[in-house]
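Hello,

Here is the structure I promised to pass on. My notes follow below it, and I hope they are a handy way in.

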Amino acid sequence: MIGYGSAVGAHPYRDVAIAGVFNTEQARRLEGHDSESIATAGALGALADAGLEPTDVDAVIGSFAQELTLSLALGPCTRVFDPLGIPAILHGAQMIAAGQASVVLLAAGGADVYRDREATAPWTRPEHEFVISYGLFTAAEFALMARRHMLTYGTTPEQMATAAATIRNYGHANPAAVYHGKGPFTPADVLASRMVADPFHLLDCSTTSEGGCGLVLVRADRVSGLRSRPVWILGGGSDSFGPAYQMAPVWDMPGKDGYVAGRVGERAGQQAYRTAGIGPADVGVAELYDPFSFEIIRQMEVFGFCPDGEGGPFVADGHTGPGGTIPVTTDGGTMSFSHAGINAQQYQRVIRGVQQMRGECPTGQVPGAEVAICSTGGSGALFTDVLLLGAARP
Amino acid sequence: MTVEPPAVLRPQPPGIPLPRPSRLSQPYWDAARAQELVFQRCTGCGAVPRRPVASCSACSRGRLVWERSSGAGTLYSWTVVWRPQHPTFRTPYAPAVMAMEEGWWLMTSIIGCAPEDLTSGLPLQVVFHPVGGDVWLPYAEPAGGTEPGSGS
């Protein structure tokens with residue numbers, strides 16, 4: 001039994017439950033949809049999963065908050081334009097905890113955005129004056145961080161390839177994944193794929209796809225009679241070192257209190273564990289953001305699953321795979337399940353965490369897991385957000 | 001099977017996306033056009049901001065002045081890109097972070113050597129190349145000059 005504690009009396013999210021989650025179909029291309037329409041489908045699916053109607057919603061959060069307010073006839077309704085992932089979910093939880101809402105709807109989607117396939121996806125190409133002419137894009141930015149870890153700790157391409165192959169094999173097994181059935185993959189397969197931005201091969205990188213999703217948060221007194229088993233927020237945090245993709249990503253860029261940019265998310269993780277009154281050993285499954293293989297190695301260290309610098313060997317030893325001590329990103333993540341851009345793929349880490357806590361994953365279910373850690377962001381983007389979910393109310 | 005010539009890192013030809021300076025950064029790009037590398041430093045505390053700013057975030061007292069950099073430093077981190085972010089970029093290219101001897105980090109791209117020659121701490125020197133639109137971009141090459149036949 002896990003004990004929950006907090007430094008300031010009652011747990012801040014004790015009265016907040018995640019009551020509905022939903023993923024639309026995810027595909028390389030979803031004909032007949034744009035981002036708003038697929039986000040709307042995600043919203044309606046999440047409400048149906050909870051057993052709620054649009055008229056029950058009193059706050060909506062996301063890039064399409066205003067559009068959903070109109071199209072689902074939510075008004076009068078509080079709308080929060082927030083393009084982020086976990087921070088938006090925490091915002092919704094705080095609205096409920098503060099008595100400002102009893103049912104909060106979050107939805108996101110991406111479709112018909114990535115058209116010019118000669119270039120990398122538009123959301124990966126930074127336009128800031130100090131990076132634009134150097135041909136940077138997300139893979140290169142993250143590679144500049146991974147390189148420092150390789151130089152400092154001896155982390156190898158083979159270890160990174162193991163992280164990627166492990167997640168891709170979860171996606172291979174997942175019928176809902178865009179790349180279902182495309183494997184299985186070995187680390188050697190990853191290393192044999194063409195180089196994109198050294199040390200990242202094609203299969204070290206996330207994919208691009210289209211899809212939508214939604215979540216519904218409710219006040220705890222509303223959960224009885226709802227359709228799905230509630231899942232609980234045990235803690236969360238959000239760390240940034242500045243705007244993503246506007247300057248050189250420097251691992252050793254110092255922050256306050258001894259934190260460095262390369263370990264972004266460390267403080268957020270510590271905050272989340274503290275609120276939950278638990279530690280890494282209590283976590284049964286990790287639904288971590290996987291933009292690039294190295295980020296799994298990094299997060300193993302930053303979130304305390306292994307000592308600093310030992311993330312590479314830790315992943316290579318199989319800890320993150322099926323039956324491992326801390327299975328990671330069990331639906332296939334952005335490498336295989338889906339990566340629709342905007343913030344759908346960020347919500348999807350939490351959606352998978354909820355499904356794990358319910359025990360309803362058709363593939364990749366971690367038996368007996370009572371706590372999930374979910375994350376979004378990454379070192380190359382200078383931000384990492386963390387959410388701890390529990391099967392039991394804190 | 002034909003043998004590929006060894007890849008040598010070179011400046012990009014004109015046609016790549018160009019920076020749009022802001023009021024704060026205009027002196028940086030003006031200096032670059034004159035093939036000078038400049039950076040801001042606070043007269044109060046000596047801090048070098050991560051990018052051009054109007055006031056010092058470290059001490060909030062000092063005045064910010066533009067200083068001329070020696071252009072000398074070492075290779076801090078790098079990648080070699082084989083899939084360009086946009087077709088206007090010629091591969092391979094090597095975005096890099098350079099640790100400047102004045103104690104700041106420069107985002108740049110390495111030229112004048114092969115990708116295999118890149119190692120941590122490699123001494124580098126900033127050199128400027130025109131990339132179109134009257135923009136001169138700071139690149140970095142191994143200190144001591146480019147290798148023969150590099151084409152740069």
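Chain A has eleven helices and eleven strands (helices are DSSP runs of H or I with at least four residues, strands are runs of E with at least two, and both are numbered from the N terminus). Its radius of gyration is 20 Å, close to the 21 Å that the globule rule gives for 394 residues, so chain A is as compact as a globular protein of that length. Here the radius is taken over C-alpha atoms, and the rule is 2.2 Å times the number of residues to the power 0.38.

Before I go on, two notes on conventions. This is a predicted model, in which local features need pLDDT of at least 70 and side-chain atom pairs count only at pLDDT 80 or more, while totals for chains, interfaces and linings use all residues. Residues are numbered from 1 along each chain as its sequence is written, and chains are lettered from A and ligands numbered from 1 in the order in which they are written.

Back to chain A. Its C-alpha atoms fill a box of roughly 55 × 50 × 40 Å along the principal axes. Of its 394 residues, 63% count as buried; a residue is buried if 20 or more other C-beta atoms, placed from the backbone, lie within 10 Å of its own, exposed if 12 or fewer, and partly exposed in between. Taking the contacts in chain A with a separation of 6 or more, 76% come from residues 24 or more positions apart (a contact means C-beta atoms within 7 Å, again placed from the backbone).

One helix to look at is α3 of chain A, residues 86-97. Its twelve residues reach 16 Å from the first C-alpha to the last, close to the 16 Å expected at 1.5 Å a residue; the expected span is 1.5 Å times one less than the number of residues. Nine of the twelve residues of α3(A) are buried, so this helix is largely enclosed by the rest of the structure. Among the buried ones are A:Ile86, A:Leu90 and A:Met95. After α3(A) comes A:Gly99, with a positive phi near 80°.

The loops of chain A hold some backbone details. In the loop between α2 (65-71) and β3 (78-80) sits A:Pro76, and the peptide bond leading to A:Pro76 from A:Gly75 is cis, with omega near -5°. That loop between α2 and β3 is also the place of A:Ala73, which has a positive phi near 50° without being a glycine. A:Ala73 is exposed, with 11 other C-beta atoms within 10 Å.

Another cis peptide bond runs from A:Asp198 to A:Pro199, with omega near 15°; A:Pro199 lies in the loop between β5 (195-197) and β6 (200-201). A:Thr329 is a further non-glycine residue with a positive phi, about 55°, in the loop between α9 (311-316) and α10 (333-336). Is A:Thr329 buried or exposed? A:Thr329 is buried, having 29 other C-beta atoms within 10 Å.

Now to chain B, which has one helix and seven strands, the helix coming ahead of the strands in the pattern α-β-β-β-β-β-β-β. The C-alpha trace of chain B spans about 65 × 30 × 25 Å along its principal axes, and buried residues make up 35% of its 152 residues.

Chain B is divided into domain 1 (22-68) and domain 2 (70-145), with bounds from an automatic or database domain assignment. The C-alpha centres of these two domains lie 21 Å apart. Seven residues of domain 1 are in contact with ten of domain 2, and helix α1 (residues 26-33) gives the most to the domain 1 side, with three residues.

In domain 2, strands β6 (residues 123-130) and β7 of chain B run antiparallel and are joined by seven bridges (strands pair if DSSP finds at least two bridges between them). One bridge pairs B:Gln125 with B:Glu141 in β7(B). Their hairpin has five residues between the strands, and B:Gly132 there takes a positive phi near 95°. Strand β7(B), residues 136-142, is mostly covered, with five of its seven residues buried.

Finally, the interface: 31 residues of chain B are in contact with 27 residues of chain A. On the chain B side, β5(B) gives the most, with four residues.

Best wishes

Key: Contact = placed C-beta atoms within 7 Å.
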